[in-house]
Amino acid sequence: MDKPTAAEPPLTITPPSAPLPDGACDAHVHLIGDDFALWDGRVENPPPGTLDTWLDRYKTHLTALGCTRGVIVHSILYGGDNSITLEATRRMGEQFRAVCLISDNASEAEIAALAEKGSKAVRLNYVHGGLLSWEGMKRLAPTLADYGLHVEMLAHSHLHLEELATQVPTLPVQTVFDHCAWPDTALGMTEGQKALERLLADGHCWTKLSATYRHTPEPQTLIQRLAQANPDRILWGSDWPHLMLNGVPMPDAGQQLTTLLDAIPDGTTRQKLFTDNPATLYGFAP
């Protein structure tokens, strides 16, 4: 069966309303390229273009946002073959890191190889599906910790966080919840969202203030609550090039960043969000 092809992000974006701090990091993008093999189980094809083409667009994107560092998160469109993400990270250089996919039966040698090639985390995906389960991650967590890797998880706060909240503090690895833990705003303040805020406040997890366009039309209050819970545990990513939109309109990354800046006007918190916190978690030089 033919797969649909994802829409391309805009070639230009609206300039953000303010410059970002020096060393700012876009901590969540995906790199694509039709010169790398796709996973048979994918739900769509990425827009056309080689990795070189998309790396050029990525560099333009970073410049437009005001970022000099980045984190490239492996897309499930490529399944468990992390080649495209590791190659993109290698070509981008020392100010870039990878987040990769592994399965429950990943070996120590596989984990060591990912760490050697610039990966700082593995991803567990409860929203789009993936290769790694929560129980598998817990078994692998001591090995991940040995090699300096943490866990990044895409989950729904209203479905998963209340159950996971008691387990997260016991893990030997850091845990990041992507995309504000993807709440269902129609449900209001859920127990899962409260659990996320408690975990943040206690320093037991991190969250990315990213991709709010996917779930929260007016995200200012959500952003502010998470930032206030613990400004030392927040990150930001553009989610470019906005794959698997599932009917959500294509965002303008510059406008999205301006919304975030409006919600967090404080310069000290911006410094932590864009520069200091990602430097701590991903191992960038001060």
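**Exercise: a pair in one helix**

Work out whether Glu135 is buried, partly exposed or exposed, then look at its salt-bridge partner.

*Solution.*
- Start with the accessibility of Glu135: it comes to 45%, so this residue counts as partly exposed. The cut-offs are under 20% relative accessible area for buried and over 50% for exposed, with partly exposed in between (1.4 Å probe, protein chains only).
- Before going on, know what you're looking at: this is a predicted model, where local features need pLDDT of at least 70 and side-chain atom pairs count only at pLDDT 80 or more, while totals for chains, interfaces and linings use all residues. Residues are numbered from 1 along each chain as its sequence is written, and side-chain values use heavy atoms, with hydrogens and water left out.
- Now the partner: Glu135 forms a salt bridge with Lys138, and their closest N and O atoms are 3.3 Å apart. To count, a side-chain nitrogen of Lys or Arg must be within 4 Å of a carboxyl oxygen of Asp or Glu.
- Lys138 has a relative accessible area of 29%, so it is partly exposed too.
- Both residues sit in helix α4 (residues 134-146), three residues apart, which is about one turn of the helix. Helices here are DSSP runs of H or I with at least four residues, strands are runs of E with at least two, and both are numbered from the N terminus.

**Exercise: a buried pair**

Find out which parts of the chain the salt bridge between Asp178 and Arg123 ties together.

*Solution.*
- First check the distance: the closest N and O atoms of Asp178 and Arg123 are 2.9 Å apart.
- Next, place the residues. Asp178 is in the loop between β6 (175-177) and α6 (191-201), while Arg123 belongs to strand β4 (residues 119-125), so the pair links parts that are 55 residues apart in sequence.
- Then check the burial: Asp178 is buried, at 0% relative accessibility, and Arg123 is buried as well, at 8%.
- Last, see what surrounds Asp178. Setting aside neighbours within four places in sequence, Asp178 is in contact (heavy atoms within 4.5 Å) with His28, Arg123, Glu152, Met153, Leu154 and Lys208.

**Exercise: two helices that meet**

Describe how α6 and α7 meet, beginning with the salt bridge between Arg225 and Glu197.

*Solution.*
- The side chains of Arg225 and Glu197 come to 2.7 Å, N to O.
- Arg225 is in helix α7 (residues 220-229) and Glu197 in helix α6, so this pair ties together parts 28 residues apart in sequence.
- Arg225 is partly exposed at 37%, whereas Glu197, at 13%, is buried.
- Now the helices themselves: the axes of α6 and α7 come within 8 Å and cross at roughly 35°. Each axis is a line fitted to C-alpha atoms over the stretch in contact, and angles run from 0 to 180 degrees between N-to-C directions.
- On the α6 side the contact is made by Gln193, Leu196, Glu197, Leu200 and Ala201, and on the α7 side by Leu222, Arg225, Leu226 and Ala229.

**Exercise: the buried side of α1**

Which residues of α1 are buried, and what do they pack against?

*Solution.*
- Check the length of the helix first. The 15 residues of α1 (residues 51-65) should span 21 Å, and the end C-alpha atoms are indeed 21 Å apart. The expected span is 1.5 Å times one less than the number of residues.
- List the buried residues of α1: Leu51, Trp54, Leu55, Arg57, Tyr58, His61, Leu62 and Leu65.
- These residues cover an arc of only 165° around the axis, so they lie on the same side of α1. The arc is taken from the directions from the helix axis to the C-beta atoms.
- The buried residues pack against β1 (25-29), β2 (69-73), α2 (83-92), β3 (96-100) and α8 (253-263).
- Right after α1 comes Gly66, with a positive phi near 95°.

**Exercise: backbone oddities in a loop**

Where is the cis peptide bond, and which residues other than glycine have positive phi, Asp239 being one of them?

*Solution.*
- The cis bond joins Trp240 and Pro241, with omega about 0°. Pro241 is in the loop between β8 (234-235) and α8.
- Asp239 has phi near 65° and is found in the loop between β8 and α8.
- Asn246, with a positive phi near 55°, also has its place in the loop between β8 and α8.
- Compare their surroundings: Asp239 is buried at 1% relative accessibility, while Asn246 is exposed at 78%.
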